[in-house]
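Reader: I should like to examine the side-chain packing of this model. May we begin with the aromatic rings and then turn to a helix and the cysteines?

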Amino acid sequence: MKLGIAITDFSWPIPGGDIGTAVGEVARTADVAGVDSLWVMDHFFQIGISGHPPESPMLEAYAALGFLAGITTRIRLGTLVTAAPYRHPGVLLKSATTIDVLSGGRLIFGVGAGAPFDPEPMGPRTSFEAEGLGIPFPRLARRFEQLEELLQIAHRMWSEDETPYHGTHYKLTRPLNSPNSVQRPHPPILIGGSGERKTLRLVARYGDACNLFDLPGTGYADNLTHKLEVLRRHCRDIGRDHTEIETTVTTALDIDAGRTDVLDHLKRLADIGIDHVLLGPRGPWTARRLDRIIELLPDIHAL
């Protein structure tokens, strides 16, 4: 089993100017220790699931990945997950490719449709980033259409196909992408979400990895065995080998629990077919928390 860590909580009791130092310490330690992947969220305001208000510090994903690429050497870097409507596909793919080039081929392109619901306007004190920053955020059905077009454009730009793209929502006259990605045929595409009719179908058709939820008590807790069977069924429908798709799960595993509890939980995930666990603690990473998970890394890799 692979282990990734997510840096999603920046509420260290430090000045804003010291956040880079704190993030850098986590990233370098994980990189040297052999942690497989390092993740940031694609949010502009902090989200409610963190337990913090929207005013709590939050970094922009692709600027953060550029910083992380520059201070690490081997760990894979990704987003959990890029919201398709937040950036025009051509610009997004250029940003993602740049990270892949500058990191020497370490990007995992995490993408999804955005919030799995249609947020209602809240006004000047909104906690919703798209409303607060004036980012167009269509209804969910349209965002899925945008996501599929983004995935089509990603495969086109990474395949060096410069023919015009004419979709319903996006039109690219010349999808040139130079320099192209270091990873060939393209960086792994991870599609986040567990919807059975749309998201997992898109994983089967366009993705290299899925991302499911193991977050009990938050409203994001999947029946993982069932979701993986749905994904396999979608793969069978299009004649694809489901083993080509890496199965990842975002988990809220209690790092402060005993060693046996942590490893037993991860073994249960491995036994049902999870390849890669992405771990984010409640609260910011501390040296103690990171040391605890690194101590378990050989046992996790052996699962």
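Reader: How many aromatic pairs does the structure hold?

Author: The model is predicted. Rings count as a pair if their centres lie within 6.5 Å. By that criterion, the number of aromatic pairs in the structure is five.

Reader: What is the geometry of the pair formed by Phe 109 and Trp 158?

Author: The ring centres of Phe 109 and Trp 158 are 5.4 Å apart. Planes over 60 degrees apart count as edge-to-face. The planes of these two rings stand at 90 degrees, so the pair is edge-to-face.

Reader: How many residues apart in sequence are the parts that Phe 109 and Trp 158 tie together?

Author: Phe 109 and Trp 158 are both buried. Phe 109 belongs to strand β5 (residues 107-112), whereas Trp 158 belongs to helix α5 (residues 140-158). The pair therefore ties together parts whose separation in sequence is 49 residues.

Reader: Which residues form one aromatic cluster with Phe 128 and Phe 137?

Author: Phe 128 and Phe 137 are both buried. Their ring centres are 5.0 Å apart and their planes lie at 75 degrees, so this pair is edge-to-face. The residues that join Phe 128 and Phe 137 in one aromatic cluster are Phe 44 and Tyr 86.

Reader: Within what arc do the buried residues of helix α9 fall?

Author: The buried residues of α9 (residues 287-295) are Arg 289, Leu 290 and Ile 293. In an α-helix, residues three or four places apart point the same way, because there are 3.6 residues a turn. Viewed down the axis of α9, the buried residues line one face of the helix, because they fall within an arc of 95 degrees.

Reader: Against which elements do the buried residues of α9 pack?

Author: On the other side of α9, the exposed residues are Ala 287, Arg 288 and Glu 295. The buried residues of α9, by contrast, pack against β1 (2-6), α1 (19-33), β12 (276-279) and α10 (297-301).

Reader: Why is there no bond between the sulfurs of Cys 210 and Cys 235?

Author: Cys 210 is buried, with a relative accessible area of 0%, and Cys 235 is likewise buried, at 0%. A disulfide requires two cysteine sulfur atoms within 2.5 Å. The cysteine sulfur closest to that of Cys 210 is in Cys 235, and the two are too far apart for a bond because their separation is 9.2 Å.

Reader: To what does the count of disulfides come?

Author: Cys 235 takes part in no disulfide, its nearest cysteine sulfur being that of Cys 210, 9.2 Å away. With the cut-off at 2.5 Å, the count of disulfides comes to zero.

Definitions and conventions. Residues are numbered from 1 along each chain as its sequence is written. This is a predicted model: local features need pLDDT of at least 70, side-chain atom pairs count only at pLDDT 80 or more; totals for chains, interfaces and linings use all residues. Side-chain values use heavy atoms; hydrogens and water are left out. Rings of Phe, Tyr and Trp (its six-membered ring) pair if their centres lie within 6.5 Å; planes under 30 degrees apart count as stacked, over 60 as edge-to-face and the rest as tilted. Helices (H or I, at least four residues) and strands (E, at least two) are DSSP runs, numbered from the N terminus. Buried means under 20% relative accessible area, exposed over 50%, partly exposed in between (1.4 Å probe, protein chains only). The arc is that of the directions from the helix axis to the C-beta atoms. Contact means heavy atoms within 4.5 Å.
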